[in-house]
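Here is a short briefing on one structure. It covers the interface, the cavities and the salt bridges.

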Amino acid sequence: MEPTIFRFIFRHSKKEQIFLLVLTGLSFPFLYYSLDLPKTIINQAIAGKNLPQDIFGYQIDQIPYLMLLSGIFLALVCINGGFKYYINVYRGQLGERMLRRLRYDLYARVLRFPLPHFRRVSQGEVIPMITSEVEPLGGFIGDAFSLPAFQGGTLLTILIFMFVQDPILGTAAIALYPVQAYLIPRLQKRVNELGKERVRTVRKLSDRIGESISGVQEIHANDSSRFALANFTTMLGEIYTIRFEIYRRKFFIKFLNNFIAQLTPFFFYSIGGVLVIKGDLTFGALVAILAAYKDLSAPWKELLTYYQRKEDSRIKYDQVVEQFDPAGSLTEAQQLDEPETPVSFNGPVALRNVGLTDDEGEVLLEGVSFEIAQGEHVAIAGPGGGGKDLLATVIARLVLPTSGSVTINGVDIAPLPESVTGRRIGYVGPGAFVFSSTIRDNILMGARHLPFGEPDPSVFPDSPEQRADAEASGNSLDPISANWIDYQSIGADENGLKDRIAELLKVVGLEDEVYAIGLRGSLRAESEAEIANRILGARVRLRARLEELGLAGLVEPFDAEKFNTNASVAENLLFGTPVGDDFALDHLASDPYVRSVLDKVGLTGDFVHIGRDVAATMVELFKDLPPDHEFFAQYSFISADDLPEFQTLLQRADRVGLDGMEAEDKTRFLELPFKLIPARHRLGMISEELQARILEARKVFREELPAERQAALEFFSVDRFNLAASVQDNILFGKIAYGQADAGNQVGKVVAEVVESEGLRAIVIEVGLDAEAGIAGSRLTAAQRQKVAIARILLRRPDVIVLNEAIAVLDSGLQAPILSRICAEAEGRTVIFIAHRARLAQPFNRILVMSGGRVIEDGTFDSLNQEGTMFRGLLNEE
Amino acid sequence: MSLNEEVELLKNIPIFAKIEPSKLKLLAFTSERLNYADGQVLFNQGDSGDAAYIIIDGTASVLIDTDDGKIEVAQLSKGDIVGEIAILCDVPRTATVQAKQSLTTLKIAKEAFFRLVTDFPQIAVEIMRELAARLEQTNMRLRAALSDKDG
């Protein structure tokens with residue numbers, strides 16, 4: 001990267017900067033003339049000298065002459081304004097493009113950092129550098145040349161004008177500039193140093209915040225909040241001191257500038273006044289000089305601010321860029337280039353004298369040499385810290401050895417681009433990362449190396465104009481809207497891909513889990529109608545099957561004409577699934593439409609009554625329990641916090657009667673009945689007569705629901721798929737009955753059976769694959785994340801598979817079977833398995849044992865499983 | 001059956017007889033009422049205990065695994081409480097309980113049961129009394145069996 005900001009600017013925006021300079025130069029004659037014009041207006045047109053004027057042979061009187069000159073003045077104002085506007089916009093665009101380029105370069109560099117470097121830099125430092133720290137640089141880059149040129153030129157124009165009017169006054173105007181030019185850089189220097197220090201301290205601060213968030217559990221568990229806060233205060237104090245010092249100095253500089261600027265008019269009034277009185281200077285000229293001087297202070301100030309900004313930006317650029325150039329980074333070619341001739345890794349993996357030393361000179365690997373034949377499956381065992389895990393990262397070219405070489409199929413892997421190593425080698429580490437996207441996207445990531453096909457111009461930012469902007473900013477031109485899936489590496493076409501992923505889910509033992517996720521998940525709106533129809537088919541089939549098995553009583557189906565006693569009153573009224581918050585349970589009582597429906601069928605009064613009774617029961621049952629009692633969360637309709645309020649409400653209701661209560665209080669009672677599930681709560685408060693009226697309300701609710709709120713609710717309908725509900729709920733189309741022993745389990749089994757017999761399992765798995773994995777895969781368990789990562793590399797069929805303790809977090813009973821399935825899947829390809837437990841190495845034909853950074857044993861399981869070997873020792877320890 | 005009816009029923013069970021109705025109501029409210037079909041199992045011998053059951057309606061048989069298969073050692077009917085030993089002593093279920101024809105129980109989860117016992121010592125006393133009575137009964141049978149053997 002360019003070592004200074006001016007080199008960066010020059011290299012990437014030479015043409016634009018020159019264009020800006022030319023444009024700025026063009027604007028000066030107009031500026032000069034607009035300064036000169038007032039003199040002519042005052043001295044000739046207003047004072048009425050040399051009239052009538054002769055212009056292009058026309059005789060013009062005083063008033064039209066004045067109007068003409070004023071008109072020209074107005075035109076000049078417009079032209080000057082136009083120049084300014086165009087230059088500013090152009091400059092802004094240039095600045096934004098350069099900022100975009102800078103950020104892109106920095107991010108690309110982060111992706112090229114050598115992996116060990118990430119132990120030394122923290123997210124908390126890197127992120128603000130790319131996001132906020134470089135932000136002001138964009139503005140500066142736009143201004144870098146054109147602003148000093150424009151403002152300097154303006155200044156010069158005005159000065160020339162002043163000198164032309166009167167050299168003495170001109171000299172007076174700039175008499176104090178040398179003082180400023182001497183003092184200010186000196187004062188600025190200290191400010192610059194403070195600025196550097198501020199940047200460093202703020203980085204440390206964000207690092208500290210990031211650390212606290214990552215380690216928040218430890219802070220809670222060790223009650224170290226106070227220490228953390230005190231620590232934080234120290235840093236804030238440091239920043240405060242620095243910033244305050246900067247402000248003091250900055251404002252002193254400003255004060256000095258302002259003072260000097262104010263001082264100059266003193267010369268004009270005194271010297272200029274004398275000159276006018278003596279008749280050596282016209283009155284008009286003095287007015288024009290005074291006007292010009294007013295204009296003079298603006299560019300001068302701008303120049304001084306520019307000087308400060310230039311210093312700020314220079315420091316920031318230096319400080320950012322030096323962080324982004326660690327030794328051992330990949331080259332840009334390694335990051336982006338495709339190999340000139342295809343490289344095949346279909347050959348032996350050979351290590352020759354591989355050594356690895358860390359920054360402190362500690363030897364991690366030493367003299368490691370061995371060869372693994374193509375297609376061989378090898379396990380590497382060894383004690384923790386023996387180097388087996390590091391060796392795996394070296395073989396995958398994630399870490400470069402400090403000595404020796406790794407060749408695959410006779411090619412040294414060190415200089416290869418990632419388009420070879422990241423495709424032909426499949427590496428999974430012990431804590432693989434899952435990105436916040438769908439499970440499917442996370443698996444497909446394994447085959448998303450480069451775009452295929454043309455960009456779709458309707459997708460942002462792939463329209464031709466947006467692409468032109470990206471190109472002008474030196475950004476990636478790979479269209480995000482193209483097809484990124486490398487079908488060739490997967491060995492399947494679009495249709496085959498689904499089957500292939502399903503197959504891989506079985507290999508890594510993720511199928512049942514994705515199926516379960518799919519049952520709880522919902523179809524996407526754009527899913528094919530056919531899928532929805534088949535799920536509706538399963539709904540019918542489930543009902544029939546439950547009848548056959550005599551289990552029909554375990555599910556109470558939704559029926560538009562019947563009250564469902566296993567559903568809440570709210571569900572019975574809405575008869576649908578709320579979409580969004582609009583008809584969420586807690587909002588119903590205060591929703592005007594719901595209230596109007598209740599009013600219409602005369603249920604409001606009853607609901608308030610029931611609410612009062614429910615509240616009374618809850619108060620009776622729960623009043624003696626401590627507020628933190630688990631029953632509140634599990635059983636109560638009223639939280640422990642709200643209980644006293646309801647006690648007061650009940651007393652008030654007793655005193656004034658329900659009818660006499662405030663509308664607001666009634667609403668509080670009204671909230672409660674919606675939550676009642678008659679079969680579960682058994683409070684006997686929803687009589688059959690009331691059920692009939694709720695059914696009536698259901699009808700009214702549905703018929704009169706305003707069009708604009710239709711989208712807030714997906715109605716239950718026996719022959720329609722409910723997109724707002726999960727696949728399971730759609731198949732069930734009803735509620736599992738309360739009070740039937742083991743109902744949930746039994747129904748679950750029948751659902752699974754129906755899904756299977758209807759051939760829906762694959763579809764449910766598809767739904768599961770489309771489920772979001774959460775931030776950093778947080779919705780998946782650690783074991784599931786590991787399985788996703790393994791499926792991810794198997795998808796692209798790499799020649800060499802490196803599993804670096806990749807199955808360590810899986811249930812210990814599942815490790816061996818999953819490993820054997822992976823090895824079967826990788827038949828014919830080289831597998832290097834780093835065994836976290838030596839026993840797992842048993843099925844492998846060849847086992848290496850690493851200890852102290854060296855290979856100390858090499859042989860078959862039986863040959864190593866002998867008295868006195870380290871391998872035996874490892875086995876015995878387990 | 002509504003909550004109030006369940007409370008009436010609980011009142012008639014000796015160990016709950018002296019408890020205030022409002023506490024019984026809380027017990028009923030926080031418990032799950034479950035229906036079992038003929039032959040359906042409440043729990044199996046050897047399972048870990050997570051709940052006690054009060055028979056509300058119907059009958060159930062208590063079965064013990066022996067070398068000759070399961071044998072019925074007792075029958076439970078309305079008002080009986082079963083399954084409390086596994087909860088109190090934290091031991092696996094000592095017998096299998098199975099519904100005979102249709103059965104309705106109130107299932108009291110372990111936590112709710114403990115809560116009840118700690119909050120209302122009189123329940124603990126009643127349970128002790130019940131257990132002591134059962135022990136005494138067992139002892140009597142044992143004595144009878146031994147004297148039969150001697151005789």
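The contact draws 22 residues from chain B and 21 residues from chain A. The model is predicted. Between them, chain B and chain A bury about 1,800 Å². Over the whole structure, the salt bridges number 63, and the cavities of 30 Å³ or more come to three.

**Interface area**

- Carbon and sulfur atoms account for 57% of the area buried between chain B and chain A.
- Three residues, B:L26, B:F29 and B:R115, supply 33% of what chain B buries against chain A. No other three residues supply more.

**Polar links across the interface**

- Three salt bridges cross between chain B and chain A.
- B:E6 and A:R682 join their side chains in a salt bridge, with N to O at 2.8 Å.
- Polar contacts link 10 residue pairs across the interface, with both residues at pLDDT 80 or more.

**The chain B side**

- Four elements of chain B each supply at least two residues to the side that touches chain A: α1 (3-11), α2 (21-30), β1 (32-36) and α4 (110-119).
- The most comes from α2(B), with seven residues.
- By residue class, the side of chain B that touches chain A holds nine nonpolar, six polar and seven charged residues.

**Largest cavity**

- The largest cavity holds about 40 Å³ of space.
- Its lining is made by A:N257, A:N258, A:A261, A:S297, A:W300, A:K301 and A:L304.
- Two helices of chain A, α9 (225-278) and α10 (283-321), are the elements that give two or more residues to this lining.
- With four residues, α10(A) gives the most to the lining of the largest cavity.
- Three lining residues are nonpolar, three are polar and one is charged.

**A salt bridge within chain A**

- The side chains of A:R309 and A:D143 form a salt bridge, with N to O at 3.0 Å.
- This pair links distant parts of the chain, 166 residues apart.
- A:R309 sits in helix α10 of chain A, while A:D143 lies in helix α4 (residues 135-143) of chain A.
- Helix α10 of chain A thus appears twice here: it carries A:R309, and it gives the most to the lining of the largest cavity.

How values were computed
Residues numbered from 1 in each chain as written. Chains lettered and ligands numbered in written order. Predicted model: local features only at pLDDT ≥ 70, side-chain atom pairs only at ≥ 80, totals over all residues. Heavy atoms only, no water. Contact = heavy atoms within 4.5 Å. Buried area = accessible area lost by both parts, 1.4 Å probe. Salt bridge = Lys/Arg side-chain N within 4 Å of Asp/Glu carboxyl O. Polar contact = N/O pair within 3.5 Å; in protein donor to acceptor, adjacent residues only side chain to side chain. Nonpolar A, V, L, I, M, F, W, Y, C, P; charged D, E, K, R; others polar. 1 Å grid on protein atoms, 1.4 Å probe; cavity = no way out; pocket = protein on both sides within 12 Å on 5 of 7 lines; lining within 4 Å. Points joined across faces, edges and corners; volume = space filled by probe spheres on them.
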